[in-house]
Amino acid sequence: MTVLPASRPSVHPLASRPSGGYTEDTLALRFIVRTFGCQMNVHDSDRMQEVLRAAGGFAVDRPDEADLVVFNTCSVREKAEQKLRSEVGKLASLKRARPDLVIAVAGCVAQQEGEKLLERVPHIDLVIGPDNVTELPALVTEQMSGAPPTARTEFDVSAPRFLTASPEPGRAPVVAFVTTMKGCDERCSFCVVPYTRGPERYRPARDVIDEVHRFVDAGSREVLLLGQTVDSFRDPELPPPESDDADESQFPHLLRAIAREVPSLARLRYTSPHPRHATASLFRAHAELDVLARHVHLPVQSGSDRVLRRMIRRYTRAEYVARAERLTRARAGLTLSTDIIVGFPGETEEDFEQTLSIVREVGFVSLFGFKYSPRPHTPALRLKDDVAEPVKSERLARLFEVAQSLGAAHLAKLVGTRQEVLVEGASKSEKGDLSRERVQGRTDRSEIVHMEGPGASSLVGEIVQVEVVRANKHSLYAVPTRARGARSPSKRGLPLLETARRAPAT
Ligand code: SAM
């Protein structure tokens, strides 16, 4: 380990690390944050990078250019530790050549395994839980000063801290992620989240609204509110819940406050709501707030009451279907997507057919399907993981087949219609290469829409009116008719329209 010189009081220690290729004046911590997992982890990685930048660090592209590599991990499903081991393993020779390289593990695996990771996975210097991210610069500095490998994984239960995003004007993402809460008080028997993220703690509504404001002021058009059960939100500063129902929360009040206080926000979404908190006040918010996207991701997990009970989901199939119907009736055209687990312990063929039938009955336009995998600490470990792997695979394939046909039918119906698309950036296939002038965005129902033609890249961040000309397997292809909003729409939209009509089919 490099020992920092003691006499550089005016510069943060991270900014003064002797390292090859940099003069003393420009020395700074060069870091990489690698992310596995969900939107929550992407959000946490963004905040981690902000914390590191504020401490004098800057991001680099390659591990051999870095002083610090952070793996931000997810343990919800996969064999997370093996994946981590293989990723860290790829750095082994670099670490041997440069023992001063700090390798840190953050996120759910870090929280779940704590100190044990330091013993089990060679080369890791630092294990840091989701609630300890603000300590990252100080802990890295200690490592650089020769401290022994360290694990810091304490939940901030009594005084929760939330990392505040500081978007730079003009550099804010088109779609910004804003966290509303952390942890989870549900005890779904399959889920590791309560053990890796701790109990529910809510961010003050004022902070959430201010952050939405900052993102919008800096150029973001859409905000995605994040929480493990985002619709259980509570804050004593908001008006009381609209009913005495124990499942009623103040989340609809938060949505209303954002809509009222940030009128220039173009779109507002949230993920993931728990169905039991989807109550009448939430349906009313969808009916009344234009800013709310006409799409909700509402995880159902199974269509069988027997399995739902064993999963401890706290709703029945009939209750879920009734809530889904009320949501879709609240706003014309609102669509639903969902999460489903197949092969949960004890799931019979009949249970699985109930799942297929709820998928058809609700008419989900898309879904994420997962094979059940036993997770540490979870109550379902007491049940036998008795659905054979080939059966899980076969059920997942059948589920995807049904989902695919529902999704395709939905997209096909949109051909020839006019839609409003928020252009998010380069099309996935062309990531990082805007020169081909192929961009993608989403409708307010989350359908992915591709467009191309000269001038396409100038539409990023715009809401464009388009005509859908073709349905692909999972997306739409459209030509703009005109752009909405204050940014000289006709000048941007029309040249693209003319050339895009001639664009070849892909
Ligand atoms: N808050 C969400 C909810 O309502 O359940 C949980 C989000 S979880 C991060 C994403 C999805 O992973 C879950 O909805 C579930 O379908 C899936 N999942 C969680 N634990 C799993 C497990 N042990 N095996 C397979 N899939 C799992």
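A polar contact, as I use the term here, is a pair of N or O atoms within 3.5 Å. Keep that cut-off in mind for the ligand. The model I am showing is predicted.

Start with Arg313. One of its polar side-chain atoms sits 3.0 Å from an oxygen atom of the ligand, and the cut-off is 3.5 Å, so this pair counts as a polar contact. Asp339 also reaches a ligand oxygen with a polar side-chain atom, at 2.6 Å. With Gln228 the backbone takes part: a polar backbone atom there is 2.6 Å from a nitrogen atom of the ligand. On its own the ligand would expose 570 Å², and the protein buries 93% of that.

Who else is around the ligand? The shell holds 15 residues, and the closest are Arg77, Gln228, Gln301, Asp339 and Ser373. Sorted by class, six of the shell residues are nonpolar, four are polar and five are charged. Two strands each give at least two residues to this shell: strand 13, residues 335-342, and strand 14, residues 366-371.

Next, the cavities. How many of 30 Å³ or more are there? The count is one. The largest cavity has about 240 Å³ of space. It is lined by 19 residues, and those closest to its centre are Asp44, Pro130, Asp131, Arg161 and Lys182. Helix 1 (39-54) and strand 8 (181-182) are the elements that give two or more residues to this lining. Helix 1 gives the most, four residues. By class, the lining has six nonpolar, six polar and seven charged residues.

That is all I have.

Methods: Residues numbered from 1 in each chain as written. Predicted model: local features only at pLDDT ≥ 70, side-chain atom pairs only at ≥ 80, totals over all residues. Heavy atoms only, no water. Near = heavy atom within 4 Å. Polar contact = N/O pair within 3.5 Å; in protein donor to acceptor, adjacent residues only side chain to side chain. Areas by Shrake-Rupley, 256 points an atom, 1.4 Å probe, with all protein chains shown as cover. Nonpolar A, V, L, I, M, F, W, Y, C, P; charged D, E, K, R; others polar. 1 Å grid on protein atoms, 1.4 Å probe; cavity = no way out; pocket = protein on both sides within 12 Å on 5 of 7 lines; lining within 4 Å. Points joined across faces, edges and corners; volume = space filled by probe spheres on them.
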